[in-house]
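Let's practise reading charged side-chain contacts together. Have the coordinates open and try each exercise before reading its solution.

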Amino acid sequence: MRIQLQSWLLFIPFLAIFAINMVLVSGQCQSDQQSLLLQLKSSLKFDVNQSVHLVKWSQNTDCCNWSGVVCNVGGLVTRLNLSFESISGGIENSTGLFNLQHLQSLDLSFNRFNLSRIPSRLANLTNLRYLNLSNAGFAGQIPVEISSLTRLVTLDLSTLSLFGSALLKLENPKFKELVQDLRELRELYLDSVNISAQGSEWCQALSSSLPNLQVLSLSSCFLSGSIHSSLADLHSLSVIRLDRNNLSSTVPEFLADFPNLTSLFLGFCGLYGKIPKTLLHVPSIQTLDLSNNELLQGSLPEFPQNLSLRTLILEGTSLSGTIPDSIGNLKNLSRIEFAFCKFTGPIPSSMANLSQLVLLDLSSNKFTGPIPSLHMSKNLNHLDLSNNVLTGGISSTKWEQLLNLVHVDLSHNSLSGSIPKSLFALPWLQHLQLAYNQFDGQVPEFLNASSSLLQTLDLRSNKFKGPIPMSVFELKQLTILLLSSNKFNGTVHLDAIQRLRNLTNLDLSFNSLAVDVSGSDFSFPPQISTLRLASCKLNMIPNLRNQSLLFHLDLSNNQISGEIPNWIWQVGDHFQQLNLSHNSLVGLQEPFSIPPLSVLDLHSNQLEGKIPLPTPFAVYVDYSNNNFSYSIPHDIGNFLSTTIFFSLSNNRLTGVIPDTICNATNLQVLDLSSNNLSGSIPTCLIQSSQNLGVLNVRRNSLNGTILDKFPANCGLQTLNMNGNQLEGIIPKSLAHCRVLEVLDLGNNHINDAFPCWLKNVSSLRVLVLRSNRFNGNINCLEHDVSWPQLQIFDLGSNNFTGRLPQKGLTTWEAMMVDEDKAQPQLEHLRFGFLALSELYYQDAVTVTSKGLEMELVKIITLFTSVDLSCNNFQGPIPEEIGLLKSLHVLNFSHNALIGSIPSSIGNLRQLESLDLSMNSISGEIPAQLAGLNFLSVLNLSYNHLVGRIPSGSQLQLFSSTVFEGNDGLCGFPLTNNCTANSSELPPPIPASSNEFVQQVLIAIGAGFGIGFVVAVASPIFSKQVDIRKIRKLLHSDQQSFVTPNDKQPHLQFYHVVRLVRNQSTDCYSSGNLKSLSKLDPGGCNFTGPLPTSMANLTQLEYLDLSSNNFSGPIPSFIQQLGSQIMNGNQQEGLVPKSLSNCAKLEVSDLGNNKINDAFPCWLKDVSSLHALVLLSNKFYGDISIS
């Protein structure tokens, strides 16, 4: 590992004690030799407090007895060791040194020569056989005079890199000129010297000049190209160290032919291809390091018994397969590092034979099965099996025989069972990490806790239960205690935590614990830097005024109310991260001054007033899900210069988006959704989207057009503008966003053709254009548009025409994956930011599934949906639809489709919702539909289907309403029995247009598709109606079917009202519709409060007001209501308690509003309730239902 120069210098005083005291009384020191040494001492600058040798030299003693000096029998100085002497200068003027003509060995390593040059006068020392200037602080060009030291056997000029740059270099002379006369050289160390040579150059220079070379160490020398075959001529090589060079080649097979090779280091060399198996069979090799060559592949061979391997490091390669049982033959192995490879299968039990093992690291692979016994490895001190798929318990590992263990990491596996007491009793154990497993039971007490050396205890994300053992708080050396996400219970008192005086990191979050921080007698340990107490039943912010080292504080998901105290902003000089989210905080105590925090998370509280301005140093700022009001400060962008994540979503903000937001040039995530923002989208926000990965402004009142200003290097991954009042067309420059995954422009007023020009955005996963004014066909999907990752495709409620795509469906590969193959890749669509952290932005999109509009806050990559409903598509349903095997939701309803239902739909084994209603589909229902075992929503109503409904376990579970309006159908669950001529379709009963319009709907506005207009009408028609005639009228150019003012009195006889995209509720008085049983104005742009006269709708059973902009309080409800859907509005206040009188209530969806209330526990008596949705509001308190 490369260490910076400054770091080494800090270690010099400690390492000095290990310097060799080379004192040999061989003869009386000659006077000239003593004079030269004293002259050397006087010329050097060194720290007398750290010197080991020089400080002891005195003219009153024989120089041959001086520390660091060796003389021959004639009293001539032959060896001089001044390593670790803290020498900082004067070497260039040390005439005394350069006149020691008999000197054979000179060691100036590990000093502080402050980047001075290597003295060229070293060439005077012609008898030198050993020269060590390593890590001495020299810099610049290596002098050519070194090459004149022809008697050198060992040359070490190794140095340390400084910020990735070499201190020493070989330019003039080059490498060849340096070594060409050093023919006696056997050991050459030039680590971190900038040689900058190709393989053929340096290899040939060595092979032609240094025939006796045994040790070659050229780590980090900026070498490039493959190792040239001429290196094979150096038959005496035993150590080859070439790590951290850009060799970018395969591993040469001739490396296995060196007869004396004992050590080979090729880590971080950009090697690729397969590892020659012969290299692992070299009998003499003891150390093999091929680590961190990501493209290096292959598998481990069988190992014979005659190998000498002691250290095998393959970390960070792409080696795969299993570890052979024959690894147990490598009896000399003391170090195995296979981390971050691709090994699979069990860990061989033969590893129990490795009695010399000291370090075993198999982390970050895919090893399975149990942990084998390692009881023979009594010298083992480091064990890391983390990040695998290991299973089973650990009680049989015989920990009591591994008494030298210092580090144990078994985290991120699937291990289970209890923790054996013997693991906690290991006498030298310092780090124990068992996090992210399935361990359960109670954690045992620590024996002799007060004398334990344990520093790290990480038990996060398991299933431990019961109280935390009190002996944990007696571990005096403990610095890190992580117990979050378990089932620990009981109360932890602050005085117990206070005993851990060395504690720096404490995490008790997400258990069933109560942390008692009341009282002022105790505080947290003084060294605490990270404190996580999320979901610890806190009702107050603990007193942290004296925690001067606090860096990270997480008190989220508690019951803290009131104001944020202003003293919290002055906690220490290191305070960087604060998370108070998911509490009941209402404001910030004045006066306050937010310090330069990098993370400020206040989301999901009840904070009111103006948004607090962060400091310009903030990287992550989340104020979402509060009650902040007023407008966004006009200069907000000036405070976000370093901000990467900024969210104001789901507040009460008004006004426009200020142009200064574009000054936040580092923003990757900007979420302003679910507010009352108006005006247009700033031009600069579109123009500066090269860094922006997520732009979410959905559910506002933004207007105008989307400007055609997306840059050529657009970096958007998510663009969500759903639920605004945007007009015009989709800008073609959006095609520049080549990494776009989520595009949601639904519920606007966009009037455009299908955006075929998005064909090259192959990353697209979600495309939602529903409820706009799109028109024309989508024929381009048949040609050159390919979206292999597409999983949600929603064009519902537009005016598209033409035939459904056939060939285009065959390119949607993400919808074709079998469920069992897709399951291992289960994840959510999300945008990662802050690469070194675990932070990410979770995408959300609204889809219609199973008859309900629902928000997918976490878009699982397995969820797939195709919705083309409420358009004017014609022609047959393509047979290719059956290729989309992983499809969950399919909705082709309310179109003009003809032909039969393709039998290939039976291939959609994961289908949960199928709606083909309100078309002109004919023929029989395919028998294959009966095999769709996951189907829970089905609607085939109002088509021309005939024949017997297929018998099967699934179709028989649906009510008759899903098949009605198909007069040729018969069989259960319909009441009419099948007869010989039941497949003939009887003619529809004629009805005048006035009659059926008067019975079915009121629709105002031109050019709208049928979109749900009669989706809920059929069950309660008082007369039989030809639905197909209604469809034709709705697709006509009529401005309206009913003139509200003069027709309103007759509405009292209506049974079903569906309003399509009106702008206000002033056109009728809902209270006059006394007979109304179903009212569905969802998905319009209605505004204003709901009329209190709705309480007069005594027959109302179904109410859908979703996806509008209704505001104000929710009115009282009548007792007959069965479904109440008000999702996606601006409703405020409380949930009306009259809802508890609705004895037939099955569905209550109040999500995505601004309701500020406690949990409606009084709904406990509504036994019919099947679905209660309260997400994205401002509910608070607990949900205890007594």
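The exercises below concern salt bridges in this predicted model.

**Exercise 1.** Find how many salt bridges a search of the whole structure gives.

*Solution.* Start from the general idea: side chains of opposite charge can pair when their charged atoms come close. Searching the whole structure then yields 8 salt bridges.

**Exercise 2.** Decide whether D458 is buried or exposed, and do likewise for R460.

*Solution.* First, locate the contact: the side chains of R460 and D458 form a salt bridge, with 2.8 Å from N to O. Next, take D458, whose relative accessible area is 3%. Buried means under 20%, so D458 is buried. Finally, R460 has a relative accessible area of 22%, so R460 is partly exposed.

**Exercise 3.** Work out how D243 and R241 are classed by accessibility.

*Solution.* Begin with the pair itself: a salt bridge joins the side chains of D243 and R241 at 3.1 Å, N to O. D243 has a relative accessible area of 9% and is therefore buried. R241, at 30% relative accessibility, counts as partly exposed.

**Exercise 4.** Test the N to O distance between K169 and E171 against the salt-bridge cut-off.

*Solution.* The distance is 3.8 Å, N to O. The criterion asks for within 4 Å, so the side chains of K169 and E171 meet in a salt bridge. As for its surroundings, K169 is partly exposed, with a relative accessible area of 31%.

**Exercise 5.** Identify which residues are linked in a network of salt bridges.

*Solution.* Look for linked salt bridges: the network contains R770, D794 and D867.

Conventions:
Residues numbered from 1 in each chain as written. Predicted model: local features only at pLDDT ≥ 70, side-chain atom pairs only at ≥ 80, totals over all residues. Heavy atoms only, no water. Buried < 20%, exposed > 50% of the residue type's maximum accessible area, 1.4 Å probe, protein only.
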